[in-house]
Amino acid sequence: MFGRSRSWVGGGHGKAARSIHSLDHLKYMYHILTKNTTVTDHNRNLLVETIRSITEILIWGDQNDSSVFDFFLEKNMFVFFLNILRQKSGRYVCVQLLQTLNILFENISHETSLYYLLSNNYVNSIIVHKFDFSDEEIMAYYISFLKTLSLKLNNHTVHFFYNEHTNDFALYTEAIKFFNHPESMVRIAVRTITLNVYKVDNQPMLHYIRDKTAVPYFSNLVWFIGSHVIELDNCVQTDEEHRNRGKLSDLVAEHLDHLHYLNDILIINCEFLNDVLTDHLLNRLFLPLYVYSLVNQDKGGERPKISLQVSLYLLSQVFLIIHYAPLVNALAEVILNGDLSVFSSKVEQDIQKNSAKSSIRCFIKPTETLERSLEINKQKGKKRVQKRPNYKNVGEEDEEERGSEDNQDDVDKTKGTEASSKGIKTSSENEEIEMVIMERCKLSELSISTVTEQNTTDEEKSAAASGSEITNWNRPFLDMVYNALDCAEDDYYALFVLCLLYAMSHNKGIDPVKLERIQLPAQHAEERNSYNHVLAEGLIRIMNYAAQPDGKIRLATLELGCLLLKQLVFSKNGSIIKDVHLACLEGAREESVHLLRRFYKGEEIFLDMFEDEYRSMTIKPMNVEYLMMDASILLPPTGTPLTGIDFVKRLPCGDVERTRRAIRVFFMLRSLSLHLRDEPETQLPLTREEDLIKTDDVLDLNNSDLIACTVITKDGGQVQRFLAVDIYQMSLVEPDVARLGWGVVKFAGLLQDMQVTGVEDDSRALNIIIHKPASSPHSKPFPILQATFIFSDHIRCIIAKQRLAKGRIQARRMKMQRIAALLDLPVQPSTEVVMGFGHSSAATAQHLPFRFYDQARRGSSDPTVQRSVFASVDKVPGFAVAQCINQHNPSPLSSPSPSSGSGSTGRCDSVTASSTSTPSVAQSPSVHHIAEMSSYPLGRRNFTAIPTSS
């Protein structure tokens, strides 16, 4: 960028090229500026390069040589920049000048250097310069320049921008004029600038913002937000076919940006700014547009309205994002305890200035544009400064203290001027400030009267919260909430109501007392002994509808209902749900079991879906904040996946999705039922990670079935391993150098996720792929093992293939039987010899796996606690040898000996195999045994070694 400047201005008059980073070079640049004060077509490029070089030297001098800024200030070089701008030399020069100034202020680090640049008020002159903002590039660099300056604001630098004597703050007033610019990046920059200004704790400056700019800026901002909301509502009304979701998503994202910006202003906690902002938000937007639309859907009235679903959706976002106590408490008070009288003239008729307050609680457009209002206030400010140098505003204690320090003549003059001005004070900003005070008093009176009315016993509270005849008619907004929970046809409105109740109960700013009036507990509520029966029954009805075969309840609605019911009926001492409600909930759970039975199949896909749904539901629980950021739920519920809407936010399509939905409903209601009955989950998930063999585990492999093989991985590596097959897993082990007969696990994978294929040109090899369980039904399985296994001969290859294939079948069958036990389905005992051996539960009772569930997971009174994991399942290779060994040398169940299997022989193997190949009916596992087995781990067991010849 600076290369050309060196050739043009760097080395002149035959001298050696001077360093561009030096005071001498800056003097040379100054010389060029003095010779080219007028911009022409011939020197335009030269001036641009000169400005760039000066900027680079200043940045270098800030870090290396303070004399550079001394010279810059001494020669008043900033005035050349301003003169170039004022000559209207075209967009090229303006863009380059704004760009270099932005770079300059971004890279200045020393405060002294910054003070040099900001002195003499030249920067403010550049800020108020009339640029051609129709040019997008000029607009972008200009707003970026203002944002850079705002980042340099603090208690010291603010005096360079805010002139207390002239009541002028160009950086702020010029920036907020672009609050509604069509380009989103410009609007974002304006919000950043205003937040940087509000964070500076300079009372005179903040008072100026409140008195001169807060009312016009906030009123126009509120109107701008409301206009976006009406546009969003129109988009929802005209897009029932989901054809315009892109625009709808943009509008929702814009509204979220607005709410986060408003919350950022409120959490700065500048009290008098928050008062004005809260007044405008409540009385010009939230109450007249959002809340009023909850019960008034007649579009023919004078007031603007939005649809019910949009109103609930936006109010949920408000309570999820904004936690400023005065605002959310006033809003919650109207929704939970208010009526339509808050919008009538009766509330306002006790104030004499009724004509001035006619616009309160009404969504109307400001009478003046922001730019016009700022100009009017600026002119008024100039006149007042001439008359009253110690001008005071309403509530300005700091100004009053400063005024008391002046001489007595000035005080008397000020008082006289104040007395004359109070009689004719009719300016709009003073009326607005009075509005804030009156509205806050009115809200406090309303809340006090409501508290007095609601100071009742628990029984009366329950009746009031349930919407009795006395109070129900007087709380139309709360009545709408209860009515919307009826999901007989669909859950379109119910989902938004549940989100609203969840957001209100989790809002940190809302007073818990307000929620207790309808017996809706806050997130960390105190101990209680009653709950809202009407709300609980509405939630249980949703669960009953969800468990019906033709239910129109989306999974998101059901999960949110479960969350709210847990919060509603749980106290510090546990569940306080009444028996009748618990019985209804158990009925819904039974319905979900019957629903899932209709989809239960013996096919492999059902087991994969069952485990995938449980895994995805556990890994990604409901996040209401993310749910309320999705614009798609604003549209009517659809059942087609072609819209791209997430499965939990729409209705199912086809048998596969109906099966997935039935599985999810079963999981949710089962979990809720166990939670309310304070019972632990002992049967899910089907695969517990803590009970599986893991890499680097050391196992006793004495008397285990092991097959030596060479594993060739996908990247070409070769390792010698021993293959072992467990009930649920296959393992690759290598001998432990420390102990003879023990092995270290180098890989372990589930048999049910394995694929085994032969190699065409090698009868001794197998291709084995084991996939990692998918995190979601839509994700592609990731292979955790993809290798070729080479055995010593084709016989061992065939044996390994049979064991792996049949082990996979057996592992999946056992899990399907456990699912059948969960669904109370009859389990058909399998008499097929899968692994080459039959059943013998009596012998297996004395053989322990490597790992098993501790007894704490089951009741101590359960007689089956001491039963082996393999007492009711098909056996694996090596069982017959273990049985024969145990017949010769039995060991107690509590202390199995790793060396008890020594001395096995081939004769014993064959005899035992033949004697156990035909199991009796009495030895077959029963349904009761399967149910018991489901609480045990996917265990490990010992294997018997197969002698191999070299």
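This report describes one sheet in a predicted model and the helix that lies across it.

## The sheet

The sheet is open and has 8 strands. Their order is E5-E9-E8-E7-E6-E12-E11-E10. Pairing is antiparallel. Strand E5 (698-700) and strand E10 (754-759) stand at the edges. Each has a single partner strand, so one side of each is left without a neighbour in the sheet. From one strand to the next, the twist averages 40°.

Strands of a sheet pair through backbone hydrogen bonds, either parallel or antiparallel.

## From E6 to E8

Strand E6 covers residues 707-713, strand E7 covers 718-725 and strand E8 covers 729-735. E6 and E7 form an antiparallel pair with 6 bridges. Here Cys709 stands opposite Arg721 in E7. The hairpin of E6 and E7 has 4 residues between the strands. In that hairpin, Gly716 takes a positive phi near 95°.

E7 goes on to pair with E8, again in the antiparallel sense. This pairing runs over 4 bridges. Leu723 has Leu732 in E8 as its bridge partner. The hairpin that joins E7 to E8 passes through 3 residues.

## The E10 edge

E10 pairs with strand E11 (residues 762-772). The pairing is antiparallel and spans 6 bridges. Met754 has Ile770 in E11 as its bridge partner.

## The helix across the sheet

Helix H32 spans residues 794-822. Which strands does helix H32 lie across? They are E6, E7, E8, E10, E11 and strand E12 (782-791). H32 runs at about 25° to E11.

Conventions
Residues are numbered from 1 along each chain as its sequence is written. This is a predicted model: local features need pLDDT of at least 70, side-chain atom pairs count only at pLDDT 80 or more; totals for chains, interfaces and linings use all residues. Side-chain values use heavy atoms; hydrogens and water are left out. Two strands pair if DSSP finds at least two bridges between them. Helices (H or I, at least four residues) and strands (E, at least two) are DSSP runs, numbered from the N terminus. Axes are lines fitted to C-alpha atoms, for helices over the stretch in contact, and angles run from 0 to 180 degrees between N-to-C directions. Contact means heavy atoms within 4.5 Å.
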